[in-house]
Amino acid sequence: MTPASGDLDDAALAALALTGRQDAFARIMQRHRDPIFRLIRGHVGDADEALDLTQETFVAAYGALDCFDAARPMRAWLARIALNKCRDWGRRRTVRRLFRQAEPLDVGAIQVADDAPGPWAVAQGQDELRVVAKAIAALPPSIKEPLLLQVFEELSQAEIGRTLGISEKAVETRIRRARLMLPERLRAGAGKI
């Protein structure tokens, strides 16, 4: 890549990456990995899981780069992919919980891995940041996602609406609900964490 390539915008880097220039996509990742990680961390509440999901997000983005609309912001496109990865992660967790709670037909025949942190891991980190992250992660996705996009990605309500496919008024309402619900979640979760 040329020395001036750092000055290229995301659309130009995406076009270069589509021609096989992996260094161009590496530059896109370098620009957006921290905000995408923060968005995912806020969604799932666990740094290790967030790192894995961030990697999955960029792998998926690279595979779908030909679908990127250069007229739209790259970060919003990546945020949409990240949120979809978070939803997939949540569904997988739900299925694992169901299997964990179900009594197998042949006791001991079915072993399902549990990715949830054990009680010893939860008990170790009782600092305020962890409590807040868990409280945010516990919010319903419909109100959590707009809040995360506003707080971590610093997107406007219009940008959030376009990213999530909802109206600006819906974004405003959902963010207000999240902000009202968060203190309640903090009080409820502070004793459990």
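Contact here means heavy atoms within 4.5 Å. The tour below applies that criterion to a predicted model.

**Stop 1: Leu155 and its loop**

Select Leu155, which lies in the loop between H7 and H8. Leaving aside neighbours within four places in sequence, Leu155 is in contact with Leu149, Gln150, Ile160 and Thr163. Its relative accessibility is 12%, so Leu155 counts as buried, the cut-off being under 20%. Next add Arg75: the C-alpha atoms of Leu155 and Arg75 are separated by 9.5 Å, although the two residues are 80 apart along the chain.

**Stop 2: the largest nonpolar core**

Display the largest nonpolar core, a set of 39 residues. Ile40, Trp77, Leu78 and Leu149 are the residues to highlight, as they touch the most other members. The elements giving two or more residues to this core are H1 (10-18), H2 (22-44), H3 (47-63), H4 (74-101), H6 (128-137), H7 (141-151), H8 (157-164) and H9 (168-190), each of them a helix. Colour H4 separately, since the largest share of the core, nine residues, comes from this helix.

Now centre the view on Ile40. With neighbours within four places in sequence set aside, the contacts of Ile40 are Gly45, Ala50, Leu53, Thr54, Thr57, Ala82 and Cys86.

**Stop 3: the crossing of H2 and H7**

Show H2 and H7 together. Their axes come within 10 Å and cross at roughly 150 degrees, and the crossing is right-handed. At the contact, select Leu39, Gly42 and His43 on the H2 side, and Lys144, Glu145, Leu148 and Leu149 on the H7 side. By class, three of these residues are nonpolar, two polar and two charged.

**Stop 4: the aromatic cluster**

The structure holds three aromatic pairs. Select Phe25 and Phe58, whose rings pair edge-to-face at 6.4 Å centre to centre, with 75 degrees between the planes. Phe25 belongs to helix H2 and Phe58 to helix H3, so this pair ties together parts that are 33 residues apart in sequence. Both residues are buried.

Add Tyr62 to the selection. The ring centres of Phe25 and Tyr62 are 5.0 Å apart and the planes stand at 65 degrees, so this pair is also edge-to-face. Tyr62 lies in helix H3 and Phe25 in helix H2, so the parts tied together are 37 residues apart in sequence.

Which of these two residues is buried, and which is partly exposed? Phe25 counts as buried because its relative accessibility is 5%, whereas Tyr62, at 37%, counts as partly exposed. Keep Phe25, Phe58 and Tyr62 selected to finish: they form one aromatic cluster.

Technical notes. Residues are numbered from 1 along each chain as its sequence is written. This is a predicted model: local features need pLDDT of at least 70, side-chain atom pairs count only at pLDDT 80 or more; totals for chains, interfaces and linings use all residues. Side-chain values use heavy atoms; hydrogens and water are left out. A nonpolar core is a set of buried Ala, Val, Leu, Ile, Met, Phe, Trp, Tyr and Cys residues joined through side-chain atoms within 4.5 Å. Buried means under 20% relative accessible area, exposed over 50%, partly exposed in between (1.4 Å probe, protein chains only). Helices (H or I, at least four residues) and strands (E, at least two) are DSSP runs, numbered from the N terminus. Axes are lines fitted to C-alpha atoms, for helices over the stretch in contact, and angles run from 0 to 180 degrees between N-to-C directions. A crossing is left-handed if the near helix is turned anticlockwise from the far one by less than a right angle, and right-handed if clockwise. Ala, Val, Leu, Ile, Met, Phe, Trp, Tyr, Cys and Pro count as nonpolar, Asp, Glu, Lys and Arg as charged, and the others, Gly among them, as polar. Rings of Phe, Tyr and Trp (its six-membered ring) pair if their centres lie within 6.5 Å; planes under 30 degrees apart count as stacked, over 60 as edge-to-face and the rest as tilted.
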